[in-house]
Each structure stands twice: as structure tokens, then as C-alpha cells.
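Thanks for coming, everyone. Please take a moment with the sequence and the model on the screen. Then I'll walk through it.

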Amino acid sequence: MSERRSMKAKLGGNVFKPDRERHINIKPGFEKDARLKAALFVCPAGLYSLNEEDEVVLDIDGCLECGTCRIACGTEVLDWNYPNGEAGVQFRFG
Ligand code: SF4
């Protein structure tokens, strides 16, 4: 019988290859936009947070390229692209 692993443990097995540029960016001037606040709750990797100025910030390391933030917040506030070839997440299932 296989042992159940937590989501955090499963995500920890993934491999991330850094890109030469960030593939998702918050558009300048939208850091406090209400639409962006949804990302704080929907990103499965927890990469969005608030800084001391109450601005939403994104730590791109560990992005699963799921597109949830793009759908939840919209492209008016996010510049969202897939990483360049060979870069980004490599999923490890187990
Ligand atoms: Fe988070 Fe998915 Fe957006 Fe990456 S694409 S920042 S994992 S919600």
C-alpha cells in the first residue's frame, strides 16, 4: 500500500530551470490594484504576497505555469507568458 504524500511534499519534488527573464510580471502601476489581490489566494504555489507598502509582489521561483493567476486577475494587471524553451517547471510525479 502506497503512502500518501502532502501537496507540499509533491511540489517539492519538481525541478525548476531558471529563465533569463521573468515570465510573469505585475504591470507597473497595478501593484495595489484590487484585481491583483485575488492572486494572494489562488496561486497554488503561494508565490504572491503583500509587501510593507501593501503592494502585491510576485516571487517567480517555483511557478507551476498553471495560469490560475492569469485567469483570476486578468491580463490588464498581469503580463503573463510561458517561460522560454527549456526553462521553467519540470513536474516529478510520485
Ligand atoms: Fe502561481 Fe500558477 Fe500564477 Fe505560477 S501561473 S504564479 S503557480 S498561479
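**Loops, ligand and pockets**

I'll start with one loop residue. At 39% relative accessibility, D54 counts as partly exposed. A word of caution first: this is a predicted model. D54 sits in the loop between strand 3 (48-50) and strand 4 (56-58). Now look at its backbone. Phi of D54 is near 65°, a positive value, and D54 is not a glycine. Why point that out? Because most residues other than glycine have a negative phi.

There is another case. E65 has a positive phi too, near 60°, and again the residue is not glycine. Where is E65? In the loop between strand 4 and helix 3 (68-73). Buried or exposed? E65 is buried, because its relative accessible area is 17% and the cut-off for buried is under 20%. D54, at 39%, falls in the partly exposed class. Keep E65 in mind. We come back to it at the ligand.

Let me step back to the fold. The protein chain has three helices and six strands. Their order from the N terminus is α-β-β-α-β-β-α-β-β. The C-alpha trace spans about 50 × 30 × 25 Å along its principal axes. Of the 94 residues in the chain, 29% are buried.

Next, the inside. How many cavities of 30 Å³ or more does a search of the whole structure find? One. The volume of this largest cavity is about 100 Å³. It is lined by 16 residues, and those closest to its centre are I24, C43, C63, C66 and C69. By class, the lining has 13 nonpolar residues, two polar and one charged.

What sits in there? The ligand sits in the largest cavity. Around the ligand we find I24, C43, P44, Y48, C63, L64, E65, C66, G67, T68, C69 and W80. So here is E65 again, as one of the residues surrounding the ligand. The shell counts nine nonpolar residues, two polar and one charged.

W80 from that shell leads to the aromatics. The structure holds one aromatic pair. The partners are W80 and Y82, with ring centres 4.9 Å apart. Their planes meet at 85°, so the pair is edge-to-face; the threshold for that is over 60 degrees. The two partners differ in exposure. W80 is buried, at 11% relative accessible area. Y82 is exposed, at 56%.

Now the open sites. The largest pocket holds about 210 Å³ of space. Of its 15 lining residues, K17, P18, D19, I60 and D61 are the closest to the centre. Which strands contribute at least two residues each to that lining? Strand 1 (15-17) and strand 6 (88-90) do. The class split is six nonpolar, three polar and six charged.

The second largest pocket has about 150 Å³. Ten residues line it, and K10, L11, N14, R92 and F93 lie nearest its centre. Here the split is five nonpolar, two polar and three charged.

To recap. The ligand is in the largest cavity, whose lining includes 13 nonpolar residues. The largest pocket, in turn, has six charged residues in its lining. And the positive phi values to check are at D54 and E65. That's it from me. Comments, please.

Notes: Residues are numbered from 1 along each chain as its sequence is written. This is a predicted model: local features need pLDDT of at least 70, side-chain atom pairs count only at pLDDT 80 or more; totals for chains, interfaces and linings use all residues. Side-chain values use heavy atoms; hydrogens and water are left out. Rings of Phe, Tyr and Trp (its six-membered ring) pair if their centres lie within 6.5 Å; planes under 30 degrees apart count as stacked, over 60 as edge-to-face and the rest as tilted. Buried means under 20% relative accessible area, exposed over 50%, partly exposed in between (1.4 Å probe, protein chains only). Helices (H or I, at least four residues) and strands (E, at least two) are DSSP runs, numbered from the N terminus. On a 1 Å grid over the protein atoms alone, a cavity is a set of points where a 1.4 Å probe fits but cannot get out, and a pocket is an open set with protein on both sides within 12 Å along at least five of seven lines; lining residues have an atom within 4 Å of a point. Grid points are joined across faces, edges and corners, and a volume is the space filled by probe spheres set on the points. Ala, Val, Leu, Ile, Met, Phe, Trp, Tyr, Cys and Pro count as nonpolar, Asp, Glu, Lys and Arg as charged, and the others, Gly among them, as polar. A residue is near a molecule or strand if one of its heavy atoms lies within 4 Å of it. A molecule sits in a cavity or pocket if more than half of its atoms lie within 2 Å of its grid points.
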